[in-house]
Amino acid sequence: MQRLAIGGDVTIGIVTYSGWGWEVRAAMSMARLWRDQGKVRQARELLAPVYGWFTEGFDTRDLKEAKALLDDLHA
């Protein structure tokens, strides 16, 4: 299980089933929730490092969605 600090003393565990895709999806889900709650900075700070782990695969659906969400969070 990967541990991901999401701010302050809060840490979540993410189980990797088949590569990093699950972690991106989990981070996007939490980021969307926080965005909808008005916690835009926290959402961006969660998702940006996860997206930054990748050096390839930017044409995949997951990374395209993550990029679009990050763009929305920076707007």
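So, P49: buried, exposed, or partly exposed? With a relative accessible area of 40%, P49 comes out as partly exposed, because partly exposed covers what lies between the 20% limit for buried and the 50% limit for exposed. P49 sits in helix α2. Here's a nice pairing to look for on the screen: P49 and A27 are 22 residues apart in sequence, and their C-alphas are 9.8 Å apart in space. Before I go on, keep in mind that this is a predicted model.

Okay, let's zoom out for a moment. The protein chain has three helices and two strands. If you walk along the sequence, you get β-β-α-α-α. There are 75 residues in the chain, and 29% of them are buried. The accessible surface is about 4,800 Å², and carbon and sulfur atoms account for 52% of that. One more number for the whole chain: take the contacts with a separation of 6 or more, and 40% of them join residues 24 or more positions apart.

Now, the helices. Two packed helices are described by the angle between their axes and the distance between the axes. I'll go through the pairs using those two values.

Let's start with α1 and α2. Their axes are 8 Å apart, and the packing angle is about 170°. That angle is over 145 degrees, so α1 and α2 count as roughly antiparallel to each other. Who does the touching? On the α1 side we have E23, V24, A27, M28, M30, A31, W34 and R35, and they meet V40, Q42, A43, L46, L47 and V50 in α2. By class, that contact has 11 nonpolar residues, one polar and two charged. And yes, A27, the partner I picked for P49 a minute ago, is on that α1 list.

Next up, α1 with α3. Helix α1 is residues 21-36, helix α3 is residues 61-74, and they pack at about 25° with their axes 10 Å apart. Here the angle is under 35 degrees, so this pair goes down as roughly parallel. The crossing is left-handed. From α1, the contact uses G21, V24, R25, M28, A31, R32 and R35, while α3 brings D62, L63, E65, A66, L69, D72 and L73. Sorted by class, this one has seven nonpolar, one polar and six charged residues.

Let me stop on one residue from that list. Where is D62? D62 is in helix α3. Is D62 buried or exposed? Its relative accessible area is 12%, so D62 is buried, given that the cut-off is under 20%. And which residues does D62 touch, leaving out anything up to four places away in sequence? Those are G21, V24, R25 and M28. If you look back at the α1 side of the α1 and α3 contact, those four names are among the residues there.

Last pair: α2 and α3. Helix α2 is residues 40-52, and its axis comes within 10 Å of the α3 axis, with the two crossing at roughly 145°. This crossing is left-handed. In α2, the residues involved are V40, A43, R44, L47, A48 and Y51, and they meet L63, A66, K67, L69, L70, L73 and H74 in α3. This contact divides into 10 nonpolar residues, one polar and two charged.

That's my tour of the helices.

Conventions
Residues numbered from 1 in each chain as written. Predicted model: local features only at pLDDT ≥ 70, side-chain atom pairs only at ≥ 80, totals over all residues. Heavy atoms only, no water. Axes fitted to C-alpha atoms, helices over the stretch in contact; angles between N-to-C directions. Parallel < 35°, antiparallel > 145°, perpendicular 65-115°, else oblique. Left-handed = near helix turned anticlockwise from the far one by under 90°. Contact = heavy atoms within 4.5 Å. Nonpolar A, V, L, I, M, F, W, Y, C, P; charged D, E, K, R; others polar. Buried < 20%, exposed > 50% of the residue type's maximum accessible area, 1.4 Å probe, protein only. Areas by Shrake-Rupley, 256 points an atom, 1.4 Å probe, with all protein chains shown as cover.
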